[in-house]
Amino acid sequence: MKKNNVILIGFMGCGKSTVGKKLADALAYEFRDTDAMIEEDYGKTISKMFEEDGEAYFRDAETELLKKLSVEADGMVLATGGGMPMREENATLLKKVGTVVFLETTIVTILSRLQKDTGRPLADGEDREARLRPLFAKRLPVYRAVAEYIVNTEEKSVDVIVEEIKTVVNDATKK
Ligand code: S3P
């Protein structure tokens with residue numbers, strides 16, 4: 001039987017946390033954010049981790065967390081870091097954890113949302129757009145391939161997005 005978890009994937013700034021919190025309320029599930037869990041476990045921010053230990057260390061931490069969640073998680077809405085599905089091993093683990101939903105947005109929306117953002121090492125600093133555009137293009141087909149459901153979020157309110165996810169997830173858990 002498929003576990004009762006919903007996993008939100010998508011690019012930085014696509015709304016995984018905002019949507020995830022509301023979705024968890026609506027389903028009476030627990031909301032967790034993988035970045036926040038890693039920060040808690042390792043006692044440092046993601047930015048510090050990138051700076052002090054390197055990106056590969058953070059990616060290993062993501063995989064370890066997913067392994068744990070694939071055994072333990074139940075009744076959870078999980079917002080994942082934007083790079084999580086890129087490792088093939090993670091993609092397999094994500095599907096094991098639960099129903100994977102991709103929150104699709106355009107790069108234009110992402111760029112406007114992340115304009116003044118700090119705390120995301122891959123988006124911080126100069127030439128944000130020049131770095132994010134190719135990263136977005138590379139990741140988009142992977143998000144689409146890993147997701148069981150794709151929800152287009154452009155110009156939709158959080159409530160509408162939550163309703164859409166609730167509908168598809170209810171169908172999925174009936175299977
Ligand atoms: C990352 C996205 C971030 C965080 C880290 C790396 C990425 O999470 O995991 O900074 O590779 O896209 P959000 O998608 O929640 O911003």
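In this predicted model, Arg 59 reaches the ligand through its side chain: a polar atom there lies 2.7 Å from a ligand oxygen. Asp 35 also makes a polar approach, with an N or O atom of its side chain 2.7 Å from an oxygen atom of the ligand. For Arg 120, the corresponding side-chain distance to a ligand oxygen is 2.5 Å. The ligand has 390 Å² of accessible area on its own, and the protein covers 95% of that area.

The surrounding shell comprises 13 residues. Lys 16, Asp 35, Arg 59, Arg 120 and Arg 139 are the closest of these. By class, the shell divides into 5 charged, 5 nonpolar and 3 polar residues. The ligand occupies the largest pocket of the structure.

Arg 59 has a second role in the contact pattern. Besides its ligand contact, Arg 59 forms a salt bridge with Glu 55. The closest N and O atoms of this pair are 3.0 Å apart, inside the 4 Å cut-off for a salt bridge. Both residues belong to helix H4, which spans residues 55-72. Because Arg 59 and Glu 55 are 4 residues apart in this helix, about one helical turn separates them. Side chains of opposite charge can pair when their charged atoms come close. In total, the structure holds 15 salt bridges.

Terms used: Residues numbered from 1 in each chain as written. Predicted model: local features only at pLDDT ≥ 70, side-chain atom pairs only at ≥ 80, totals over all residues. Heavy atoms only, no water. Near = heavy atom within 4 Å. Polar contact = N/O pair within 3.5 Å; in protein donor to acceptor, adjacent residues only side chain to side chain. Areas by Shrake-Rupley, 256 points an atom, 1.4 Å probe, with all protein chains shown as cover. 1 Å grid on protein atoms, 1.4 Å probe; cavity = no way out; pocket = protein on both sides within 12 Å on 5 of 7 lines; lining within 4 Å. Sits in = over half its atoms within 2 Å of the grid points. Nonpolar A, V, L, I, M, F, W, Y, C, P; charged D, E, K, R; others polar. Salt bridge = Lys/Arg side-chain N within 4 Å of Asp/Glu carboxyl O. Helix = DSSP H or I, 4+ residues; strand = E, 2+ residues; numbered from the N terminus.
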